[in-house]
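User: I'm new to reading structures, so please walk me through this one. I'll keep asking what the words rest on.

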Amino acid sequence: MSTKRILAIMLSLVMVMALFVGCGSSQDSSEDASNENGAEAPAGDVDEPIVLRLADNHNEGYPTVKGDRKFAELVEERTDGKIKIEVYPGGQLGDEKSVIEQVQFGAIDFTRTSISPLTEFNKDLSVLMLPYLYRDRDHMFKVLDGEVGDKFLKSLEDNDMLGLCWFDGGSRNFYNAKKEVKTVEDMKGLKIRVQQSKLMMDLVTAVGASPTPMTFGEVYSALQTGVIDGAENNWPSYLSTSHYEVAKYFTVDEHTRVPEMILVSKMTYDKIPDEYKPIIEEAAKEAALYQREEWEKAAKEAEEKVVENGNVITRIDEEARKGFQDAVKPLYEEFGAGQEDIIEKILNTK
């Protein structure tokens, strides 16, 4: 860890300690009252509200930020203002990785994050990102809202973090500037931009294309100049980045769905009065349902605008999907090793 990041975490720790002074002072007063009167003061009897922070790297108005704000609204309303959650969108509190590290130490209380960076803490989470694992969106949320999803929400407890709910991050699809892609054979030879992820690089290689890692901000010009032929992402990103202007062929293959979650610091959670913990958990799950609706709206609006622009949209049929699935089977052996039972449960979820 760099010196700069260590200093940032130390500063945040000082801030979070100050944050709980009001709560601690109130609890001390309650204990004094209990000693004098011979009766135990009620849990959570606080004079000042507990103010907590939630970080999100997406900008204001994005579906995840809308979900964050719904969560904050429900918590404040249902605790009668005793707990307030301040939402910091647009990466104000740091990039995704550094925020997660600060959540571990209790310097930041909550974060909305993709599970992709969380695989550094628990590699088993990779199983939820295997290509062509889910039949569709409904299938994924039946898995995540059930026993399998609950297991993974708790899987980061040893890293001093707890998952509260599952947000929608959409499905990722291939798009390119050269030709219509209807089958896995059509992917051969295409240079496809990917994230700096071994799983994503191996996925692109498995379907016969050439993976080209590069930063997201460089993709538009790289497509425009032919440095790459295509990329992959969800509908809202395809539109908002203007990639649809320089890569008109969009193939709806839904090769990966990378779920997201709201994480809470265990240090923060342990300090919250017990009476409020069920409220926070229920509010998170309710906010997740709201966020999923907002995501669907955003995806539909983006698709409609792309279609209006005259782009070529290709939806692969079941036979073509099977061709893609067969091509990526070796990835299940590598990235799903030791998780065969979980994979079986996911595939068999109806």
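Analyst: Let's start just after α4, where glycine 106 takes a positive phi of about 80°. This is a predicted model, in which local features need pLDDT of at least 70 and side-chain atom pairs pLDDT 80 or more, while totals for chains, interfaces and linings use all residues. Residues are numbered from 1 along each chain as its sequence is written, and side-chain values use heavy atoms, leaving out hydrogens and water.

User: What makes α4 a helix, and why is it said to be largely enclosed?

Analyst: Helices are DSSP runs of H or I with at least four residues, strands are runs of E with at least two, and both are numbered from the N terminus. Helix α4 spans residues 96-104, and 7 of its 9 residues are buried, so the rest of the structure largely encloses it. Those buried residues include Ser98, Ile100, Glu101 and Val103.

User: How do you know that aspartate 95 caps α4?

Analyst: A side-chain oxygen of aspartate 95 lies 3.2 Å from the backbone nitrogen of lysine 97, at the N-terminal end of α4. A polar contact needs N or O atoms within 3.5 Å (within protein, one able to donate a hydrogen and the other to accept it; residues adjacent in sequence count only through two side-chain atoms), so 3.2 Å fits.

User: Why is serine 265 called buried?

Analyst: Its relative accessible area is 0%. Buried means under 20%, exposed over 50% and partly exposed in between (1.4 Å probe, protein chains only), so serine 265 counts as buried. Serine 265 sits in strand β10, and its side chain reaches the backbone oxygen of valine 103 at 2.9 Å. Serine 265 also touches Gln104, Gly106 and Asp160, among others, not counting residues up to four places away in sequence; touching means heavy atoms within 4.5 Å.

User: Why is the pair of phenylalanine 71 and phenylalanine 110 called edge-to-face?

Analyst: Rings of Phe, Tyr and Trp (its six-membered ring) pair if their centres lie within 6.5 Å; planes under 30 degrees apart are stacked, over 60 edge-to-face, the rest tilted. Here the centres are 5.5 Å apart and the planes at 80°, so the pair is edge-to-face. Phenylalanine 71 is in helix α3 and phenylalanine 110 in strand β3, so the pair ties together parts 39 residues apart in sequence.

User: And what makes tryptophan 235 and phenylalanine 250 stacked?

Analyst: Their ring centres are 4.1 Å apart and the planes sit at 25°, so they are stacked. Tryptophan 235 belongs to helix α9 and phenylalanine 250 to strand β9, so this pair joins parts 15 residues apart in sequence. Both residues are buried. Ring pairs link them with Tyr175, Tyr238 and Tyr244 into a cluster.

User: How do you know that lysine 151 lies over the face of phenylalanine 152?

Analyst: Lysine 151 is 4.6 Å from the ring centre. The rule asks for NZ of Lys or CZ of Arg within 6 Å of the centre and within 35 degrees of the ring normal, so lysine 151 qualifies. Lysine 70 does likewise over tyrosine 290, at 5.0 Å.

User: Last one: why do the buried residues of α12 line one face?

Analyst: Ala320, Arg321 and Phe324 are buried in α12. Seen down the axis, the buried residues fall within an arc of 100°, so they line one face; the arc is taken from directions between the helix axis and the C-beta atoms. They pack against β9, while the face turned away carries exposed Glu318 and Glu319.
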